[in-house]
Amino acid sequence: SPFLRTPYSPPVPSRLSTIKSGLSFVWSGHVKTSYGADETRPTSGTPNNRWGTISMHILDSLDTLWICEMFEEFKEAVKYIDSHVDFEHGQHSGVSTFETTIRALGGLVSAYELSGDEILLEKARSLGDGLLGAFNTKTKVAMPHTNFFRGGGGGGMQTTIAEAGTLQVEFGSLAKNTREEKYYVAEKFFDVIQGKSRDGMYPMSMNVASGSLSGVVSWGASGDSAYEYFLKYYLYNPRGGKKDTRLLEMYNKAVEGMKRSLIKKSAGGLTYLTDSGSANGRGGKMEHLACFVPGLLALGALHNPTSPTAQEDLDLAEKLAETCYEMYARTETGLAAEGVYFFETGSPGPGGNADFRPISSMRWNILRPETLESLFVLYQVTGDVKYREWSWNIWQAFDNHCKSKYGYGAHPDVFTASRKCCQGNDDKQETFWIAETIKYAYITQAQDFSGIDLTKYVLNTEAHPMKIG
């Protein structure tokens, strides 16, 4: 990295073994109680098949098992997939096109690239074929829900730019690995949104029939990963040859628009990122989901170090990463809430600090990875060890407050340490906990980042690495 300020510090082996034992704990809980389920509930140990009953937990975890060198478990998992996961037969209806693509398709292709096991590419191809019906619209923009191999899927004609615009890396990777042109259909989205930006950014609601956009502009839910894939699909360039500079331009314009209208400073001096729906000069909401932005900005700088805005983008990335870390450090549990309200003037209000206060409907944590993702990228780009330390502190907070009998689960109120995790509605363990949160925690501490070099890999929005070139 041209921005490296200091050589990487040698790994601390005890940290790696602690994180790996967290992964082993989750894996054995899954195997013991509900092997092959989409999700395992961490307290009751019961299966939660909310992703179309396709063994999502296994599909989303494969590359993490490989990267963390749990090769026996990986082999068993591939065997299970080979004999039990069948996308063509079974009741896979009304599945989320976006979640199935980023978690399952991304997981399969990435695990295939890492391991070379052909079974995984075969399954990826079958899943890709099953999802193609989603693109059967006037615009070729994908429907938000689909039925495998039958298309349709209800959910109407409204999607979001994040759902329609975060399929390209996965389908591109499938196209590259199978040499089949038909999987490039997801690229159509980029044509459809041409010329529809507001200040470089895009309203987040999208009609798949007409391609029209409406609603607020946001780098949080419903907007977030569309911007991520402008840059990442440009970098990944699965077709080879000349890169699509149009995508880089879209990314740069979106970042410039974000800087102009959505980047704010709180009363205590933290830089935060809000959305056009809540920015009003007094303050604004920042979602934890938007904490992927520091990593994205740093990735853009890393790949384009001579760009006139590279240093400015990296500086902004570091400021936003500090804010995201403070969203953890300033709560009783050391965990971040789903979102907080930053204020620019006046007093914080109940439970607040010098910069932000809780939002009553967003006090919870569901093991999200975005801050750990950005800390991984920033540590690799700058070598500044504080990012590795912050990552470790966050891991410990998860370990201390979100561990249950068979895995890790959601915390109802990060501002109140006496509240218990994983009860009732919080008895849930999202598959991104293994695919992303644990993976990012681990590779940030690992020697040579476990081989995940950001100049050689693009990580999809679910942290599945795809090899560039």
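**Exercise 1.** In this predicted model, determine how helices α9 and α11 are oriented relative to each other, and which residues make their contact.

*Solution.* Begin with the geometry: helix α9, residues 224-236, packs against helix α11, residues 293-303, at an angle of about 25°, and their axes are 11 Å apart. Angles under 35 degrees count as roughly parallel, and α9 and α11 are therefore roughly parallel to each other. The handedness of the crossing of α9 and α11 is left-handed. On the α9 side, the contact is made by Tyr 227, Glu 228, Leu 231, Lys 232 and Leu 235, while α11 contributes Leu 296, Leu 299, Gly 300 and His 303. Sorted by class, this contact of α9 with α11 comprises five nonpolar, two polar and two charged residues.

**Exercise 2.** Establish the strand order of the open sheet, and explain why β3 and β5 each have one side without a neighbour.

*Solution.* The open sheet consists of three strands in the order β3-β4-β5, with antiparallel pairing. Because β3 (158-160) and β5 (213-214) stand at the edges and each has a single partner strand, one side of each is left without a neighbour in the sheet. Turning to the pairing of β3 with β4 (residues 205-207), three bridges join these antiparallel strands, and Thr 160 stands opposite Ser 205 in β4.

**Exercise 3.** Locate the salt bridge between Glu 256 and Lys 259 in terms of helical turns.

*Solution.* The side chains of Glu 256 and Lys 259 meet at 3.0 Å, N to O, in a salt bridge. Both belong to helix α10 (residues 245-261) and are three residues apart, so about one helical turn separates them.

Key: Residues numbered from 1 in each chain as written. Predicted model: local features only at pLDDT ≥ 70, side-chain atom pairs only at ≥ 80, totals over all residues. Heavy atoms only, no water. Pairing = 2+ DSSP bridges. Helix = DSSP H or I, 4+ residues; strand = E, 2+ residues; numbered from the N terminus. Axes fitted to C-alpha atoms, helices over the stretch in contact; angles between N-to-C directions. Parallel < 35°, antiparallel > 145°, perpendicular 65-115°, else oblique. Left-handed = near helix turned anticlockwise from the far one by under 90°. Contact = heavy atoms within 4.5 Å. Nonpolar A, V, L, I, M, F, W, Y, C, P; charged D, E, K, R; others polar. Salt bridge = Lys/Arg side-chain N within 4 Å of Asp/Glu carboxyl O.
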